[in-house]
Amino acid sequence: MKKVEVVAAIIYFENKILCVQRAKNKLPYISEKFEFPGGKIEKGETKKDALKRELLEELNVEANIKSLFLTVVHQYPDFELTMHSFICEVASKDITLHEHISQEWLSLTELRKLDWAAADIPIVDKLVMNG
Ligand SMILES: Nc1nc2c([nH]c(=O)n2[C@H]2C[C@H](O)[C@@H](COP(=O)(O)OP(=O)(O)OP(=O)(O)O)O2)c(=O)[nH]1
């Protein structure tokens, strides 16, 4: 089975977390789902390098990457995803969506209202549980 390794950013600004919606995709289980911004690690990159690059590409934002939060391994029908999520901070809510179709800044208590990609559920659960 194909394996995919990605990094994802839990971006805080004033107690709100950035949630972004993926575009339509041929894989129904990720199509139009909410996720944390990020993407695949390229050859030679550290996880933090990859996340910095992805956040610039996807959101045009310079984030302060603070610490690893949770690594999730999730089996999707077509591939096995390993996702490393990092707590990050930004200096303002000023972002530009280059790939995603919508954004929401939500407090912890609101996170569960979105239709998340399945691999994100353990991250959302841990965020909500940790308060
Ligand atoms: N960045 C990110 N990807 C996630 C999350 N949850 C989740 O299931 N994924 C999946 C969706 C994709 O299959 C993969 C992320 O890769 P990507 O965004 O770079 O890939 P993509 O398929 O859109 O683009 P491509 O490079 O294959 O063209 O991880 C998440 O919270 N953040």
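N60 sits out in the open in this predicted model: the residue counts as exposed because just 12 other C-beta atoms lie within 10 Å, and 12 or fewer is the cut-off for that label. N60 is found in the loop that links α1 (residues 47-59) to β5. The backbone does something noteworthy here too, since N60 has a positive phi of about 55 degrees although it is not a glycine.

E32 makes a good companion to this residue. It also has a positive phi without being a glycine, in this case of about 60 degrees. The place of E32 is in the loop between β2 and β3. With 14 other C-beta atoms within 10 Å, E32 falls between the limits of 12 for exposed and 20 for buried, so it is partly exposed. A further positive phi, of about 45 degrees, belongs to E14, in the turn between β1 and β2.

Stepping back to the whole chain, the tally is two helices and seven strands. Read from the N terminus, the order of these elements is β-β-β-β-α-β-β-β-α. The radius of gyration is 14 Å, close to the 14 Å given by the globule rule for 131 residues, so the chain is as compact as a globular protein of that length. Along the principal axes, the C-alpha atoms fill a box of roughly 40 × 35 × 25 Å. Buried residues account for 25% of the 131 residues in the chain. Contacts reach far along the sequence: counting pairs at least 6 residues apart, 66% join residues that are at least 24 apart.

The UniProt record, an unreviewed entry, places the feature "domain: Nudix hydrolase" at residues 2-129. Over that stretch the chain is 17% helix and 38% strand. The C-alpha atoms at the two ends of the stretch are 32 Å apart.

Now for how the strands fit together. β1 (residues 3-13) and β2 (residues 16-21) form a hairpin with two residues between them. The two strands pair in the antiparallel sense over two bridges, and F13 has K16 in β2 as its bridge partner. β2 has other partners as well. With β7 (residues 102-106) it pairs in the antiparallel sense over five bridges, while two bridges join it to β3 (residues 34-35), again running antiparallel. V20 takes part in both pairings: its bridge partner in β7 is Q103, and in β3 it stands opposite E35.

β1, for its part, also runs parallel to β6 (residues 80-89), joined to that strand by ten bridges. Within this pairing, A8 is matched with S85. β6 in turn pairs with β5 (residues 64-75). This pairing is antiparallel and likewise spans ten bridges. β5 and β6 make up a hairpin with four residues between the strands, and Q75 stands opposite E80 in β6.

T71 offers a closer look at β5, the strand in which it lies. Having 14 other C-beta atoms within 10 Å, a count between the limits of 12 and 20, T71 is partly exposed. Once neighbours within four places in sequence are left aside, T71 is in contact with T82, M83 and H84. H98 is another matter: 27 residues separate T71 from H98 in sequence, and their C-alpha atoms are 25 Å apart in space.

Finally, there is the ligand. Its surroundings comprise 14 residues, of which E35, G38, G39, A117 and A119 come nearest. E35 has already appeared as the residue in β3 that stands opposite V20. Three strands, β1, β4 (residues 38-40) and β6, each supply at least two residues of the shell. By character, the shell divides into nine nonpolar, two polar and three charged residues.

Terms used: Residues numbered from 1 in each chain as written. Predicted model: local features only at pLDDT ≥ 70, side-chain atom pairs only at ≥ 80, totals over all residues. Pairing = 2+ DSSP bridges. Contact = placed C-beta atoms within 7 Å. UniProt positions renumbered as here; feature names shortened; annotations may be inferred. Near = placed C-beta within 6 Å. Nonpolar A, V, L, I, M, F, W, Y, C, P; charged D, E, K, R; others polar. Rg over C-alpha atoms; globule rule 2.2 N^0.38 Å.
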